[in-house]
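The following paragraphs offer a guided reading of the structure shown below. Please keep the sequence at hand while following them.

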Amino acid sequence: MSAEHQLQRLGFLTIGLFDPQNPAEGHESTLEIIELGERLGFDSAWLRHRHLQFGISSPIAVMAAASQRTSRIELGTAVTPMGWENPLRLAEDLATVDILSRGRINPGISVGTPMDFETVQHVLYPNTAQVEDFSKARVELFNRLVAGEPVREFSGKRGVVEEFSNRVEPHSPGLRDRLWYGAGSMDSAVWAGEHGMNLLTSSVVFPHDDETPDFAQSQARQIQAFRQAAAEHAPESPARVSQGLVVIPTDSATTAQKAKYHAYVNERTPRTKKPQGPRNMLFAKDLIGTSEAIADQLHAHAGFQEVTEVAFALPFSFDHEDYVQILTDIAQRLGPLLGWRPAA
């Protein structure tokens with residue numbers, strides 16, 4: 001790999017799975033995994049966002065806790081679905097945690113109607129479900145609020161002690177530059193670049209109808225289009241792109257772990273063989289094997305060749321000791337093979 005393509009930033013992504021009969025143990029496991037990531041030198045840890053499931057429903061709360069148990073590692077969401085959020089309240093919460101973490105928060109967001117909306121709309125938006133705007137306009141509003149643009153005209157003192165602001169408080173000046181958009185289509189990737197956001201890519205892409213159904217090539221083209229749009233929007237501020245694939249090194253895995261990992265990958269592999277659904281969705285293959293074998297596959301991956309930072313996704317359903325083994329192998333074996341060096 002040439003110097004300009006060496007991996008510069010290495011992160012990981014977790015769903016924070018927990019047992020509904022003992023949710024505290026699962027959340028504690030997630031915090032311990034983030035602490036381990038910092039000790040291993042990872043640059044970032046990312047949390048998935050799951051509502052009405054047995055994964056993290058409040059990543060902001062978990063990031064707040066993690067920020068007090070770590071000192072260096074960046075913390076992000078991949079991704080927060082804006083359809084579940086009030087942009088003003090979300091901006092307040094994220095700015096607060098960014099202040100507490102001393103500027104380590106990387107919010108990743110996406111748009112669209114909430115999943116299974118017809119089953120939750122009576123609770124989520126009891127009086128406004130039919131008129132809620134789930135388009136990218138919701139993200140544009142959120143971006144402006146995070147940037148510190150005025151919410152209202154009124155500010156100043158009222159009465160003896162109360163003082164009011166006309167913008168979201170606390171204001172965290174660098175947070176706007178650390179907003180990410182989770183995109184899987186060409187249109188969304190270009191939109192993110194045009195609106196001054198960083199780009200989160202994952203193990204899913206939606207190719208154009210005229211494209212050959214090749215995941216890596218489609219992802220590479222989206223990244224290239226994003227970079228061009230971002231450069232035209234703000235040529236003085238290079239935008240960031242992070243790739244998120246499922247990567248499972250087995251270097252130090254036990255025989256039982258290897259059997260579990262291969263069974264997981266084998267169950268998921270059939271969906272990668274052809275486009276899925278009405279939008280011809282393409283899934284990336286999970287990468288499993290020795291670090292040397294995975295590194296060879298990544299070096300040949302057109303999408304990976306376009307990035308200098310990644311957030312490898314941990315499998316959903318593994319156990320704590322599995323994540324310890326996988327993260328340790330990624331940091332100590334795979335990462336260096338990709339040109340990465342652990343943070344001090």
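**A strand and its surroundings**

Because five of the six residues of strand β1 (residues 9–14) are buried, this strand is largely enclosed by the rest of the structure. Buried denotes under 20% relative accessible area, with a 1.4 Å probe and protein chains only; strands are DSSP runs (E, at least two residues) and helices likewise (H or I, at least four), numbered from the N terminus. The model is a predicted one, in which local features need pLDDT of at least 70 and side-chain atom pairs count only at pLDDT 80 or more, while totals for chains, interfaces and linings use all residues. Residues are numbered from 1 along each chain as its sequence is written, and side-chain values use heavy atoms, with hydrogens and water left out.

Strand β1 runs parallel to strand β16 (residues 309–313), joined by five bridges; pairing requires that DSSP find at least two bridges between two strands. Within β16, E309 is the bridge partner of R9. Four bridges, also in the parallel sense, pair β1 with strand β2 (residues 44–47), where L47 is the bridge partner of T14.

R9 and E309 also appear in the lining of the second largest cavity, together with S44, W46, E74, R240, S242, V310 and A311. A cavity is a set of points on a 1 Å grid over the protein atoms alone where a 1.4 Å probe fits but cannot get out, and lining residues have an atom within 4 Å of a point. Strand β16 provides the largest share of this lining, three residues.

Notes. Buried means under 20% relative accessible area, exposed over 50%, partly exposed in between (1.4 Å probe, protein chains only). On a 1 Å grid over the protein atoms alone, a cavity is a set of points where a 1.4 Å probe fits but cannot get out, and a pocket is an open set with protein on both sides within 12 Å along at least five of seven lines; lining residues have an atom within 4 Å of a point.
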